[in-house]
Amino acid sequence: MSLDLDTAVPPGRHTHRAGHEPAPRRARRTSLTRLDLRYSPYLYVLPFFVLFAIFGAYPIVYTAWIALTDRSPMNATISFVGPDNFVELITNDPQFWNAVYNTLGMFVFATVPQLLLALLLANALNRRIPGLTFFRMAIAMPIITSTAVVALVFSVIYGRDFGLVNWGLDLLGVGPVDWRASRLASWFAISTMVDWRWVGYNALIYLAAMQSISKDMYEAASLDGASRTRQFWSITIPQLRPTIIFTVIISTIGGLQLFTEPLLFTSGSGGLSGGTEGQFQTITMYLLDVMNNRFRWGYAGAVSLVLFILIALFSLINYLLARRISSDR
Amino acid sequence: MSVIPRRRRLAAVAAASVAVLTAATACSGDDSSAADPNEKITLVVDVFGDQGFGYEKLYEEYRKTHPNVTIQERGKGLGLSDYNTRLTQQINAGAGAGDIVALEEGTIVQFYAQAAKFVNLADHGASSLQGNFLPWKWEQGTTPNGQILGLGTDVGSMAICYRTDLFRAAGLPTDRDQLAQRWQTWEQFIEVGKEFVAKDSKHKFLDSATNVYNTMLMQIAGAGSGYTYYDKSNKIVLDSNQDIKTAFDLTTKMIEAKLSNNLKSFSAEWNAGFKNASFATIGCPAWMTGVIKGQAGDGAAGKWDIAKAPGNGGNWGGSFLAVPKSSKHQKEAAELVKFLTNAQSQAAVFKELGNLPSSPQALQDPAVLSATNPYFSDAPTGKIFGEGAATLKPVYLGPKNQAVRDAVENALRSVEQGKAADAAWRDAQSKGAAAGK
């Protein structure tokens, strides 16, 4: 920014230097150039910020505002209710806390095996094995499948009367399980959907990170007599630390926003209630339940803000944990 | 930041783009005002349900007298609750809804509060049509302020549909009159059910507890308080309206007698249940005959029959057609609404789908009165369903009826999954109250 054009030059000298051009025109030109240099960088980044303002900032501000009102399509007037929605949500809404419990439960059910499996898969695919490209492609396949399709297929597989899983259990002599009736069964079924879809994605990210680890370290370790397992824990894991933190945070955000899989796990109407007793109703499902079935838009605003805070909180906790775990090794 | 939301929000993005697309199609061809009566226009009609509203032939007929009007129907195959969610958003946004929208009985009350966003059909000459509708149906379609919000399509007069082949195998009578005699009360219906499951361990007597629960509730409330979860001042009365408890207790009794196949209504399993003939009876408002035919398919033709329901008549469901103010062709849309809801059209829909007319003229139409349904062993559907409809007492449904009903139905389903009835009743109370707040 410290170009000489930018600094104010006395008009007299300009006249002297630029010869025969009329003074006013020259002055205008100079100021345009100055404007150009000062403001065009902002113009270049403007499109992002305009879009962000429309689709990011405005909804957030509006949500904060609506959460302080009793707005509903069924109220003729909107009244300001202050923190009432938040007070009700925190102190007097067992269904919300049930949804928080379910969401966290399914997050643990799904994410822990998901990341561990991804790590092992990536480690396996990091070696020279026949058909390597095929396997690397294959684990990526689930990502390009639509979530809705995955959920529909899995809900047929976990069908009570004619499902594949119950058929298999029957062959083993185990009675049929009503996968939607109990909390644990439904959590398990939904977690398998999530994992089927995201293990490959995380494995690819780990694999990319593993390939950038210098081979020299492994060679040195081999010379020192370290086994493959030892190399994995002492070289691979510590080197993957930033990647692990990244995947943990991404999974936390995704896990706390879990929606499509549990929603489509029940077919027919009323999917948002997540089972007869809300066994697998997640926070986002509850949010939509409040908004679309109960028409309490203000309250839904409060739910989404609390969800936002929860995600921030859990991302922070997981970040601290992930940092600690990998630095211990 | 860019990777994070993309994964889970894919569905949201897809939904949003569908909304944009539908909004775009809704607007196409509607850009100028309708000053010229012969101007080519497109009217979009929004309906719901797997079978739609059975209007296809009526559209063609309308086209003959109104060649400038193209009619496009949307929503066939869409469930009521998804449809209603979308419609609520469209009405609030003031864009995207069709020129004509269907409002279901249980949800029309919700739109009373937003009546300002709908055309008052009285402005298009609907006031003179009052005599064409059953009085209580007319009343439901009119807001407390007297705005004519919607004109009635069908009413859900009730009966019991049953499979004669399964009844015969279980040694029960298959004649509809004999059965109606056997189950004059719901208690007697339960006894017949017990007899059935004692003889036939492979099939269940009922599809689910909730269908028969709704049937009973509307019937008991119609004869009793005249309202269900909300009283007429829109106060939640889940705990004090004895009619609800009566219907709930009868239902849990059926579940405890193991009569129910525990299939959630309108779910994939429920649909499969029709195809596999896994249950013998279903609570059957007139519109359900279309659902059964659609789900059980041609293979089951002649295996179903219809008998009078226990108790005294009752109504469940039925819809209205309304014109949102967002329509650019309000006058033409109102004309089409009047055409689709007139007595002849209602009689035609009855023949097409089985939806019972809400027009007394159509109900007395000899074609309706003498109608039999070959799919249902030539049952005299016009007579069975029509008989009760004229004398029906309306049941008032409150603004968040659907949400409260979902909560109570879920409690009943939890009994099907093994929860104790008392605990489920308490659950229904607390969750229903929260849903109606």
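Start by selecting B:Arg74 and B:Asp46: their side chains are joined by a polar contact of 2.8 Å. This is a predicted model. B:Arg74 sits in strand E2 of chain B, which covers residues 69-74. Colour by accessibility and B:Arg74 comes out as buried, because its relative accessibility of 10% falls under the 20% cut-off.

**Salt bridges within chain B**

Over all chains, the structure holds 19 salt bridges. Select B:Asp305 and B:Arg176 for one of them, with the closest N and O atoms 2.9 Å apart. This pair links distant parts of the chain, 129 residues apart: B:Asp305 belongs to strand E9 (residues 304-308) of chain B and B:Arg176 to helix H7 (residues 176-182) of chain B. B:Asp305 is buried, since its relative accessible area is 5%.

Stay on helix H7 and pick B:Arg182, whose side chain meets that of B:Glu195 in a salt bridge of 2.9 Å, N to O. B:Glu195 lies in helix H8 (residues 186-199) of chain B and B:Arg182 in helix H7, so the bridge ties together parts 13 residues apart in sequence. Is B:Glu195 buried or partly exposed? B:Glu195 counts as partly exposed, at 31% relative accessibility. B:Arg182, at 34%, counts as partly exposed too.

Next, select B:Lys419 and B:Asp427, which form a salt bridge of 3.4 Å, N to O. B:Lys419 is partly exposed at 22% relative accessibility, whereas B:Asp427 is buried with a relative accessible area of 17%. The two fall on either side of the boundary because buried means under 20%. Add A:Glu277 and B:Lys431 to the selection: together with B:Lys419 and B:Asp427, they are linked in a network of salt bridges.

**The nonpolar cores**

Which residues touch the most other members of the largest nonpolar core? In this core of 84 residues, they are B:Leu103, B:Leu151, B:Ile282, B:Met288, B:Ile292, B:Trp304 and B:Leu336. Helix H13 (residues 330-340) of chain B gives the most to the core, with six residues. Colour chain B by domain: the core lies between domain 1 (28-155 + 318-369) and domain 2 (158-317 + 379-436), because both give residues to it.

Centre on B:Ile292 and show its neighbours. Leaving out residues up to four places away in sequence, B:Ile292 touches B:Cys161, B:Phe274, B:Ile282, B:Cys284, B:Gly297, B:Trp304, B:Tyr375 and B:Phe376. Apart from the largest core lies another, of 43 residues, including B:Val192, B:Tyr213, B:Ala307 and B:Val404.

**The interface with chain A**

Now show both chains. In chain B, 38 residues are in contact with 37 residues of chain A. The area buried between the two chains is about 3400 Å², and carbon and sulfur atoms give 52% of it.

How many salt bridges does the rule find across the interface of chain B and chain A? There are two. Select A:Glu88 and B:Lys437, whose side chains meet in a salt bridge of 3.0 Å, N to O. Across the interface, nine residue pairs are in polar contact, with both residues at pLDDT 80 or more.

To finish, select these elements of chain B, which give two or more residues to the side that touches chain A:

- helix H1 (3-27)
- helix H3 (80-93)
- helix H11 (268-275)
- helix H18 (401-416)
- helix H19 (421-436)

Technical notes: Residues numbered from 1 in each chain as written. Chains lettered and ligands numbered in written order. Predicted model: local features only at pLDDT ≥ 70, side-chain atom pairs only at ≥ 80, totals over all residues. Heavy atoms only, no water. Helix = DSSP H or I, 4+ residues; strand = E, 2+ residues; numbered from the N terminus. Buried < 20%, exposed > 50% of the residue type's maximum accessible area, 1.4 Å probe, protein only. Polar contact = N/O pair within 3.5 Å; in protein donor to acceptor, adjacent residues only side chain to side chain. Salt bridge = Lys/Arg side-chain N within 4 Å of Asp/Glu carboxyl O. Core = buried A, V, L, I, M, F, W, Y, C linked by side-chain atoms within 4.5 Å. Domains from an automatic or database assignment. Contact = heavy atoms within 4.5 Å. Buried area = accessible area lost by both parts, 1.4 Å probe.
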